[in-house]
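Biologist: I should like to learn how a model of two chains is read, feature by feature. Could we begin with the order of the elements?

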Amino acid sequence: MKLSLLLFAIGLLLVLLQTTFLHFFPLVPDLILVLCVYWGLHHPTVGAVLASFVLGYSVDVVSSPVLGVNALAMSLVFLSVYLSSRSIWLHNHLVSAIVVFLAALVKGVALALASAIFLSSEGFWIAALRYILLEALVAALLAPFVFSLLRRGQTYVEKVQVPGLYY
Amino acid sequence: MLAFFRKYQVPLSCCFCIVLSLYILSASARGQLKNDPIGPLLLWLIRPLQIAAHSATTWIKGVQESHLTAAGYKAENERLRKRILELEMERNRFLEAEATNQQLQHLLDFRSHLPAASITASIIASSASNLFQSCTIDKGTADGVRKGMSVVTPLGVVGRVVDAAARSAKVLLLTDPNSGIDVMVQRTRARGIVSGSLENGTVLKYIKRTEDIQVGDRLITSGLDGVFLKGLMVGTITKVRKETLGLFQVIEVMPAVNPARTETVLVVSAERKSATK
């Protein structure tokens with residue numbers, strides 16, 4: 001419970017970061033995606049599924065022209081990471097970067113597909129492809145760093161015992 | 001049965017979320033999502049944080065600029081350097097105050113051309129996604145902002161409000177691929193649609209090959225889309241290309257307003273009054 005709340009608070013913080021500070025970079029790094037992949041790999045619970053959905057939805061609320069695009073993409077990312085995590089036996093920086101890269105591709109394709117169907121933007125696919133690949137690369141590069149930070153936070157929270165809180 | 005649900009609770013909840021997202025997406029795309037309880041709550045939750053983060057960013061920028069200004073005086077002795085730093089910081093404050101004053105003066109002048117209901121707002125956050133171009137302003141339905149209102153500055157069009165919560169609103173920028181503004185070329189009165197594009201930046205669409213369009217031509221709103229007042233500056237044509245095939249010309253546009261450098265905007269509802277200056 002405590003850990004889930006902490007991870008969700010981190011998620012909201014990342015939404016805030018992506019809409020303010022990180023916007024000064026030429027390409028906004030998708031840290032929310034990295035967090036959802038982390039949940040899918042290391043914390044696959046119903047709470048994490050709902051948190052991924054809510055984070056995607058909050059991105060929709062602050063930046064998408066229609067609601068539900070990012071919520072759908074994040075839910076798909078979680079499902080694909082969860083299903084693939086059963087076949088992943090090795091957990092190191094390279095593997096996490098590759099998983100994040102593939103998850104970013106899943107998200108990008110889901111976004112482009114949903115936009116093409118529901119928003120009918122002309123020429124969206126071809127132009128979106130470059131962004132999808134760049135976003136995936138940036139997310140994959142950041143993944144090991146973010147993963148180690150999250151793992152440290154998780155270990156710390158698991159060590160701290162608060163009376164009356166069960167998790 | 002219960003054991004099955006317990007065993008597959010994660011994939012089943014994922015599927016539930018996917019179906020729910022598809023429902024929301026479909027309803028939202030058709031404009032049928034009238035009462036969204038979570039969106040305003042999230043905006044309400046995140047708004048103070050966004051304002052705080054925005055203030056922090058502005059402060060950091062100010063400190064950074066002061067630091068850069070002071071860096072030029074490194075060679076001078078300590079006393080003069082300290083004095084110069086003080087004067088420089090004071091000067092920056094005055095310059096900033098003067099710039100803000102000038103900006104607000106322009107805004108006031110411009111506002112006199114607009115309907116009385118126009119609302120002054122500050123941009124407090126930008127889009128979290130690279131595929132969509134939007135921003136958040138600090139005024140919402142409580143201040144009179146409504147979905148569909150246009151967002152402008154004295155320099156020209158910024159975008160239009162696509163969603164409004166009580167104290168904030170989401171603005172779809174002119175540069176977003178999903179935006180579309182009915183414009184006309186000021187010189188020839190040829191009409192087209194200005195929209196964002198991930199490939200070519202901002203583009204002017206649906207201009208026939210036979211139309212006389214030149215680089216440097218200014219684009220103004222036609223006022224026919226019911227969103228923007230007539231005569232607002234939209235941008236300048238930077239590139240005109242005629243493909244071998246196709247009915248229309250490929251025209252690239254430099255928007256009149258750079259949203260990244262815009263701090264204060266006016267939210268206006270489209271009334272039949274020309275804003276031509």
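Modeller: In this predicted model, the elements of chain A follow the order α-α-α-α-α-α from the N terminus. Its secondary structure thus amounts to six helices and zero strands.

Biologist: How many of the 167 residues of chain A, as a percentage, count as buried?

Modeller: Of the 167 residues of chain A, 49% count as buried. Among contacts in chain A with a separation of 6 or more, 69% are between residues 24 or more positions apart.

Biologist: What is the mean pLDDT of chain A, and which of its elements have the lowest and the highest mean?

Modeller: The general caution comes before the numbers: where pLDDT is low, predicted coordinates should not be read in detail. Chain A has a mean pLDDT of 81, and 89% of its residues reach 70 or more. Among its elements, α1(A) has the lowest mean, 77, and α4(A) the highest, 90.

Biologist: How many helices and strands does chain B have?

Modeller: Chain B has four helices and twelve strands. Of its 277 residues, 36% count as buried. Residues 24 or more positions apart supply 57% of the contacts in chain B with a separation of 6 or more.

Biologist: Let us turn to the contact between the chains. How many residues does each chain bring to it?

Modeller: On the general side, the size of an interface is often given as the accessible area lost when the parts come together. Here the description is by residues: 46 from chain A and 45 from chain B take part. On the side of chain A that touches chain B, α1 (2-19), α3 (46-63), α4 (69-85), α5 (93-118) and α6 (124-159) each supply at least two residues. The most comes from α3(A), with ten residues. By class, this side of chain A has 33 nonpolar, twelve polar and one charged residues.

Biologist: What do the buried residues of α2(B) pack against, and on which side of the helix do they lie?

Modeller: The length of the helix can be examined before its packing. Helix α2 of chain B covers residues 9-29, and its 21 residues should span 30 Å at 1.5 Å a residue; the end C-alpha atoms are 30 Å apart, so the two values agree. Its buried residues are B:Ser13, B:Cys14, B:Cys17, B:Ile18, B:Ser21, B:Ile24, B:Leu25, B:Ser28 and B:Ala29. These residues lie on the same side of α2(B), because they cover an arc of only 145 degrees around the axis. They pack against α3, α4 and α5 of chain A. After α2(B) comes B:Gly31, with a positive phi near 75 degrees.

Biologist: How many of the 34 residues of α4(B) are buried?

Modeller: The count is zero, and α4(B) is hardly covered. This helix, residues 78-111 of chain B, reaches 48 Å from its first C-alpha to its last, close to the 50 Å expected at 1.5 Å a residue.

Biologist: Which strands pair with β1(B), and in what sense?

Modeller: Strand β1 (residues 119-126) of chain B pairs with strand β12 (residues 264-268) of chain B in the antiparallel sense, over four bridges. In that pairing B:Ile119 stands opposite B:Val267. Strand β2 (residues 134-137) of chain B also runs antiparallel to β1(B), joined by three bridges. There B:Ile123 stands opposite B:Ile137 of β2(B).

Biologist: Is B:Ala169 buried or exposed?

Modeller: B:Ala169 has 27 other C-beta atoms within 10 Å, and therefore counts as buried, the cut-off being 20 or more. The residue is found in strand β5 (residues 169-173) of chain B. Beyond its neighbours within four places in sequence, its contacts include B:Ile137, B:Val145 and B:Val161. B:Lys139 is another contact; B:Ala169 and B:Lys139 are 30 residues apart in sequence and 6.2 Å apart in space, C-alpha to C-alpha.

Biologist: Where are B:Arg189 and B:Tyr206 found, and what is the phi of each?

Modeller: B:Arg189 is in the loop between β6 (181-185) and β7 (191-197) of chain B. Its phi is near 65 degrees, a positive value in a residue other than glycine. With 9 other C-beta atoms within 10 Å, B:Arg189 is exposed. B:Tyr206 is in the loop between β8 (201-205) and β9 (218-221) of chain B, and its phi is likewise positive, near 65 degrees. B:Tyr206 counts as partly exposed, with 14 C-beta neighbours inside 10 Å.

Note on methods. Residues are numbered from 1 along each chain as its sequence is written. Chains are lettered from A and ligands numbered from 1 in the order in which they are written. This is a predicted model: local features need pLDDT of at least 70, side-chain atom pairs count only at pLDDT 80 or more; totals for chains, interfaces and linings use all residues. Two strands pair if DSSP finds at least two bridges between them. Two residues are in contact if their C-beta atoms, placed from the backbone, lie within 7 Å. Ala, Val, Leu, Ile, Met, Phe, Trp, Tyr, Cys and Pro count as nonpolar, Asp, Glu, Lys and Arg as charged, and the others, Gly among them, as polar. The expected span of a helix is 1.5 Å times one less than its number of residues. A residue is buried if 20 or more other C-beta atoms lie within 10 Å of its own, exposed if 12 or fewer, and partly exposed in between; C-beta atoms are placed from the backbone. The arc is that of the directions from the helix axis to the C-beta atoms. pLDDT is the predictor's confidence in each residue, from 0 to 100.
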